Amino acid sequence: LWLPDYGENYLQQMLYASGVYYSNTKEGPKPAEVAMKRKVCALNEVAGFDEMTNFEVFDGGQTFRSEFESGVRVTTTPKEKAYRIEGGVGVATKGTERLA
């Protein structure tokens, strides 16, 4: 079963390797929304149907890490609006990145 994640909580979508949802509007999505959702979609292609093998919370609930059977590891820090993806060919970040 695959259900897209509504909204723009990109850090949570990355943490769970969720699929994204595009609203059908007359104006269409803004370029920044498309760019971010493409990153989430790329991660979903790699790990979206994987089993999550580990989930950890650090720094008193400020940092979250999920690991998937394919070796992909996603770390998010919502307070800083930052994320890091490791282990996924074509989706791994070069260090920590921040949401725009």
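This is a short talk about a hairpin, a surface patch and two residues with positive phi in one structure.

Okay, hi everyone. One thing before I start: what you have in front of you is a predicted model.

Let's begin with the hairpin. Strand S3 covers residues 52-58, and strand S4 covers 63-68. The two run antiparallel, with 6 bridges joining them. If you want one pair to look for, take Met52, whose bridge partner in S4 is Phe68. Between the strands there are 4 residues, and together S3 and S4 form a hairpin.

Now, what happens in the turn? Asp59 has a positive phi there, about 50°. For context, most residues other than glycine have a negative phi. So Asp59, which isn't a glycine, is one to click on. Asp59 sits in the loop between S3 and S4, and with a relative accessible area of 56% it counts as exposed, because the cut-off is over 50%.

Step back one residue and you're on Phe58, which belongs to S3. Which residues does Phe58 touch, if we skip those up to four places away in sequence? Thr63 and Arg65. Thr63 is in the range of S4, and so is Arg65. Phe58 is partly exposed, at 27% relative accessibility. You can also look from Phe58 across to Thr77: they are 19 residues apart along the chain, and their C-alpha atoms are separated by 9.5 Å.

Next, the surface. Which residues make up the nonpolar patch here? Tyr16, Met52, Phe55 and Val57, with about 340 Å² of accessible area together. We've already met Met52 as the bridge partner of Phe68. Tyr16 comes from elsewhere in the chain, in the loop between helix H1, residues 10-15, and strand S2, residues 19-20. At 40% relative accessibility, Tyr16 counts as partly exposed.

And that loop has something else for us. Ala17 is in the loop between H1 and S2 too, and phi of Ala17 is near 55°, again a positive value in a residue other than glycine. Is Ala17 buried or exposed? Buried, because its relative accessibility is 2% and the cut-off for buried is under 20%.

So let me put the two side by side. Asp59 has phi near 50° and is exposed, whereas Ala17 has phi near 55° and is buried. Both are in loops: Asp59 between S3 and S4, Ala17 between H1 and S2.

That's what I had. Thanks, and I'm happy to scroll around if anyone wants another look.

Methods. Residues numbered from 1 in each chain as written. Predicted model: local features only at pLDDT ≥ 70, side-chain atom pairs only at ≥ 80, totals over all residues. Heavy atoms only, no water. Buried < 20%, exposed > 50% of the residue type's maximum accessible area, 1.4 Å probe, protein only. Contact = heavy atoms within 4.5 Å. Pairing = 2+ DSSP bridges. Patch = residues over 30% accessible without salt bridge, like charges linked within 9 Å, V, L, I, M, F, W, Y side chains within 5 Å. Areas by Shrake-Rupley, 256 points an atom, 1.4 Å probe, with all protein chains shown as cover. Salt bridge = Lys/Arg side-chain N within 4 Å of Asp/Glu carboxyl O.
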